[in-house]
Amino acid sequence: MHSQGELNRIAIDEAHCISVWGHDFRPAYKELSWFKRSLNNPPVPISALTATATPRVRKDILTLLGLDPCKLKIFNTPSARPNIHYEIRYQGFIDDDEHLDMPQILDFVSWLKSIHSRREARLAGDATANLPPMTGIVYVTLRTASENLARRLSSCWDGKIRAVAYHAGLSSQDRIRIQSQWTSPQSLAKAGSQNPAFHIIVATNAFGMGIDNPHVRFVVHWNPPRSFEGFVQESGRAGRDGRAAASIVYYGTLERDRILNLIYRDIESAISRLNKKVANGNPKYHPDTNLQNQYARLRSYQKVVWYCESTSRCRHEMIKDLFGDLELERMGSQAPSSAMNTTGSSASPCDFACDFCKEGPKSLALRKAKMMLEDELWSDGGKDYMLGMEARYPDAFIDPD
């Protein structure tokens, strides 16, 4: 194709996969430097596209693809979507296993009811009966949690919630059917019948790549996201139509520590394998990309922790800082990020589109302190205490099953 002059451009999607410092490193992507090395007479323009490249990853993309910074044109939009309301819900003892935490479900359903009430008030009550349901995504980490949470949400609130599990264990036919119904909520609306108020996908992170539903009104992370880049990408699936949307993360310190322990364990395993290579005097020794990738996972998750535990900064500003948006502007982006507050009438950096700007630092700090106290009760010593109390006062405790 190139020799016949028919290759006009090469476009590389999900370009963050090129870098071991990205959240989704794929070794095959590193071979893409072949295009620049081999197709150079005449040279072929290359476009690299990604929604989740930090400054370090962007540097790797330029280096590994052999792109010339002097000839580069950069186009970007803000990492934090101006129309998304970002919120952290501090929740003690989040359980993502088979027994999902009932207080968390009640909190989420209560939030859905408040949205529905405002919609009814705005549209004069009965007019909402035949409207298509509002669509949303709830991300969980386990397939069993996806199925259990979908079942329990669907049994809540007199059928006003239609929740469907989505994960890699489903057949391709089921996944296509679920996606089709969810992306076309009007297909569920039937004249003269009571339609669900919400159509929710309860998904593992198998859901989302290549899915473009512009009408998603909320994205909820049932647990702390495993990577900051993944969080920005997943939360950015809300509000693609430019209308108001919400990103909610349920966060607890016990779940935080559990994920950190898993990451540290993977790092120790990678170090052990690397030490064996060195001890064996491998002449082809080179820096272990797996170890670098594990360190990248840790740093990315630390950003998640900073984002979730902060009670002193605007969420939009934090996302912009952690993603290096300012560096893009310094590099000469052709599409400078627009100011989030375009009216100039608000002291809030995001026009009150996050929990910090809306509630203030005092309220956030109080909610966080309550969560930490609840998690402390469920720490090793706290669990023993609670088990002892349960033995002494069995009638005061309810079996979560």
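Colleague: How many disulfides does the structure hold?
Modeller: Zero disulfides in this one, and bear in mind that we're looking at a predicted model.

Colleague: What makes you say that C350 and C314 are not bonded?
Modeller: To count as a disulfide, two cysteine sulfur atoms have to lie within 2.5 Å. The closest cysteine sulfur to that of C350 belongs to C314, and the gap is 3.7 Å, so that's too far for a bond.

Colleague: Is C350 buried or exposed, and how do you know?
Modeller: Buried means under 20% relative accessible area. C350 has 3%, so it goes down as buried.

Colleague: And why is C17 called buried?
Modeller: Same reasoning: the limit is under 20%, and C17 sits at 0% relative accessibility, so it counts as buried.

Colleague: Let's go to the surface. Which residues gather in the patch of positive charge?
Modeller: That would be R118, R122, R243 and K358.

Colleague: Why is K358 called exposed?
Modeller: Exposed means over 50% relative accessible area. K358 comes in at 62%, so exposed is the right word. You'll find K358 in helix α11, which covers residues 355-359.

Colleague: On to charge pairs. What makes D266 and R297 a salt bridge?
Modeller: The cut-off is a side-chain nitrogen of Lys or Arg within 4 Å of a carboxyl oxygen of Asp or Glu. For D266 and R297 the closest N and O atoms are 2.9 Å apart, so the pair passes. The pair links distant parts of the chain, with D266 in helix α7 (residues 253-279) and R297 in helix α8 (residues 289-309), 31 residues apart.

Colleague: Why are D266 and R297 called partly exposed?
Modeller: Partly exposed is what lies between the buried limit of 20% and the exposed limit of 50%. D266 is at 31% relative accessibility, so it fits, and R297, with a relative accessible area of 28%, fits too.

Colleague: How do you know that D321 and R313 form a salt bridge?
Modeller: Their side chains meet at 2.7 Å, N to O, and the cut-off is within 4 Å, so they qualify.

Colleague: What about E359 and R367: what makes that a salt bridge?
Modeller: Their closest N and O atoms are 3.2 Å apart, which is again within 4 Å, so the name holds. Salt bridges with shared partners join R315, D355, E359 and R367 into one network.

Colleague: And how many salt bridges does the structure hold?
Modeller: There are 13 salt bridges.

Methods
Residues are numbered from 1 along each chain as its sequence is written. This is a predicted model: local features need pLDDT of at least 70, side-chain atom pairs count only at pLDDT 80 or more; totals for chains, interfaces and linings use all residues. Side-chain values use heavy atoms; hydrogens and water are left out. Buried means under 20% relative accessible area, exposed over 50%, partly exposed in between (1.4 Å probe, protein chains only). Patches are made of residues with over 30% relative accessible area and no salt bridge: like charges are joined within 9 Å, nonpolar side chains (Val, Leu, Ile, Met, Phe, Trp, Tyr) within 5 Å. Accessible areas come from the Shrake-Rupley method with a 1.4 Å probe; for residues, only the protein chains shown count as cover. Lys and Arg count as positive and Asp and Glu as negative; His and the chain ends are not counted. The place of a charge is taken as NZ of Lys, CZ of Arg, CG of Asp or CD of Glu. Helices (H or I, at least four residues) and strands (E, at least two) are DSSP runs, numbered from the N terminus.
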